Amino acid sequence: STKQQALFIIFGGTGDLAKRKLYPALFALYQKGIINEHFAVIGTARRPWTDQHFQAVVQESLPDAKAAVAKKFAAHFYYQSHNVNDTEHYVTLKKLAQNLDEKYQIGGNRLFYLAMSPRFFGTIAQHLKSQAIVTADGYNRVIIEKPFGHDYASAAELNQSISKYFSEDDVFRIDHYLGKEMVQNILAIRFGNNIFNSLWNNRYIDNLQITLSESLGVEERAGYYETAGALRDMVQNHILQIVSLLTMKMPTTYSETDIRREKICALKSLKVYQPQEVATNFVRAQYQAAAGLKGYRQEDQIAPDSQTETFVAGKLLVASENFAGVPIYIRTGKRLRQKATRIDVVFKTVPGDIFAKQDLADNILTIEVEPEGKVSLQLNVKKIGQGYQLQEQQLDLSPENRNGEQIPEAYEKLLLDALMGDATNFTHWEEVAYSWKFVDAIRQAWDQSQQPLAEYPCGSMGPKQADELLTKDHRHWIYK
Ligand code: NAD
């Protein structure tokens with residue numbers, strides 16, 4: 001990639017996300033020479049830090065870096081104590097931004113990264129315009145973290161508060177799953193291979209399965225999680241994004257506009273459930289104490305009678321020409337047996353099995369997003385030797401890493417995309433809107449339901465109800 005020049009202004013520069021993800025991602029771009037001389041970062045937050053302290057924090061966020069390089073990199077970082085509601089602070093911020101733009105010859109390109117509570121986004125967007133922190137000679141892009149709203153209504157309100165000041169083209173809504181190598185691989189597998197492209201429909205696919213399991217519990221984000229739950233925290237964004245990539249039609253070209261157009265259509269095609277359909281197609285559950293780990297309701301800051309789900313499983317249907325009738329089973333939860341992100345595409349069995357004495361294994365395309373980027377296809381082959389027996393075999397389709405390149409972190413790739421103005425791997429407002437409409441119907445049915453939450457022990461793969469969701473359809477989870 002060519003060299004980039006930009007001034008980053010990070011709101012929430014002292015936060016956890018900034019330290020764990022943003023500074024290491026910027027450093028990776030720095031080491032590759034993509035950002036080099038003509039860049040600077042202003043971190044803002046309420047704490048009264050000095051530039052020196054900020055630079056030390058940035059260096060600490062890069063434990064593997066060579067000290068001298070990290071120091072040179074961190075010298076591009078400046079701190080401003082800033083209360084987002086205080087207009088005066090934006091006046092100071094503007095001056096600092098102008099100075100740095102001149103000092104580093106940046107040419108007016110600005111990226112505003114909103115890494116703090118979404119309730120401040122509207123105020124920030126407004127002040128960036130009214131206090132003329134946006135420039136006339138470069139681009140002005142806003143990068144926004146999740147959660148984008150709490151339901152459709154609040155998301156629409158949030159979107160309006162931003163779109164008053166920034167056009168959709170300049171708004172980059174992060175869903176970091178879209179920066180993951182194997183999630184990006186979905187379109188290559190589907191649209192780069194006629195053997196998959198031509199079979200990718202309800203005549204040949206029996207069902208799709210998506211699992212996003214976490215082994216951690218609620219950890220430090222309890223306050224937020226209590227108000228969100230697994231459905232809002234994981235399904236509305238990450239899982240539905242994966243669903244859209246798996247079910248969208250082939251875009252006219254591999255480009256931002258065409259890809260996002262088809263993803264919007266895919267999300268619009270999701271069947272929005274009636275309350276009684278939610279009861280039969282969705283399962284919610286909470287983790288219970290086991291293996292020396294606390295149950296959800298015993299965690300700090302969690303209500304002892306909390307109704308927040310830490311696990312959700314569901315069966316989705318898509319009303320599209322190619323996917324009508326193909327169930328999409330999804331599940332996600334905390335305190336599950338292991339951290340994994342995995343997609344299984346289960347193909348239908350061969351009509352008229354001639355190997356009457358033997359059951360054929362299903363053809364399954366598996367994409368392991370995490371922990372390791374692996375793709376495999378399960379096939380049937382003849383067992384070597386006398387007689388005629390079949391055996392199942394895995395065909396490894398994992399991308400060969402020909403240059404021995406280190407796989408970039410999602411945030412690194414997404415930050416570079418934002419620098420280049422490429423929003424292909426960011427969510428369009430309409431994707432967010434249709435996702436919330438689907439999720440809201442489930443949430444509303446749950447809020448009105450008297451049915452207690454299901455339970456699962458820490459370290460398991462979820463409640464038995466999540467297995468029953470498939471067994472009642474004569475299917476089972478491929479990933480156990
Ligand atoms: P955090 O609580 O660690 O940091 C919040 C930041 O906002 C701090 O720098 C704080 O000083 C600043 N802040 C709060 N009120 C302010 C005010 N009135 N004026 C100025 N600054 C103020 O939060 P985080 O974990 O870094 O998350 C930031 C955002 O990213 C949130 O929207 C969160 O939902 C999202 N996010 C975080 C993670 C993660 O792993 N931490 C993952 C996904 C999304």
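Reader: How far apart do the end C-alpha atoms of residues 9-185 lie?

Author: Happy to start there, keeping in mind that this is a predicted model. Residues 9-185 are the span covered by the UniProt annotation "domain: Glucose-6-phosphate dehydrogenase NAD-binding", which comes from an unreviewed entry. The span is 44% helix and 18% strand. Its end C-alpha atoms lie apart by 31 Å.

Reader: What is the mean pLDDT of the protein?

Author: Good thing to check with a prediction. The model scores ipTM 0.95 and pTM 0.97. For the protein, 100% of residues reach a pLDDT of 70 or more, and the mean is 96.

Reader: Which helix gives the largest share of the shell around the ligand?

Author: Let's look at the shell by class: it has eight nonpolar, seven polar and five charged residues. Of the 20 residues around the ligand, those that come nearest are G12, G15, L17, A45 and M116. The largest share, three residues, comes from residues 16-31, which form helix 1.

Reader: Why are the buried residues of helix 5 on the same side?

Author: The buried residues in helix 5 (residues 121-130) are F121, I124, A125, H127 and L128. An α-helix has 3.6 residues a turn, so residues three or four places apart point the same way. The buried residues of helix 5 lie on the same side because they cover an arc around the axis of only 165 degrees.

Reader: Which strands and helices do the buried residues of helix 5 pack against?

Author: Just after helix 5 comes A132, with a positive phi near 55 degrees. As for the packing partners of the buried residues, they are strand 1 (4-11), helix 4 (87-103), strand 4 (110-114), strand 5 (140-144) and helix 6 (152-163).

Definitions and conventions:
Residues are numbered from 1 along each chain as its sequence is written. This is a predicted model: local features need pLDDT of at least 70, side-chain atom pairs count only at pLDDT 80 or more; totals for chains, interfaces and linings use all residues. UniProt positions are given in the numbering used here, feature names are shortened, and annotations may be inferred rather than shown by experiment. Helices (H or I, at least four residues) and strands (E, at least two) are DSSP runs, numbered from the N terminus. A residue is near a molecule or strand if its C-beta atom, placed from the backbone, lies within 6 Å of it. Ala, Val, Leu, Ile, Met, Phe, Trp, Tyr, Cys and Pro count as nonpolar, Asp, Glu, Lys and Arg as charged, and the others, Gly among them, as polar. pLDDT is the predictor's confidence in each residue, from 0 to 100. A residue is buried if 20 or more other C-beta atoms lie within 10 Å of its own, exposed if 12 or fewer, and partly exposed in between; C-beta atoms are placed from the backbone. The arc is that of the directions from the helix axis to the C-beta atoms. Two residues are in contact if their C-beta atoms, placed from the backbone, lie within 7 Å.
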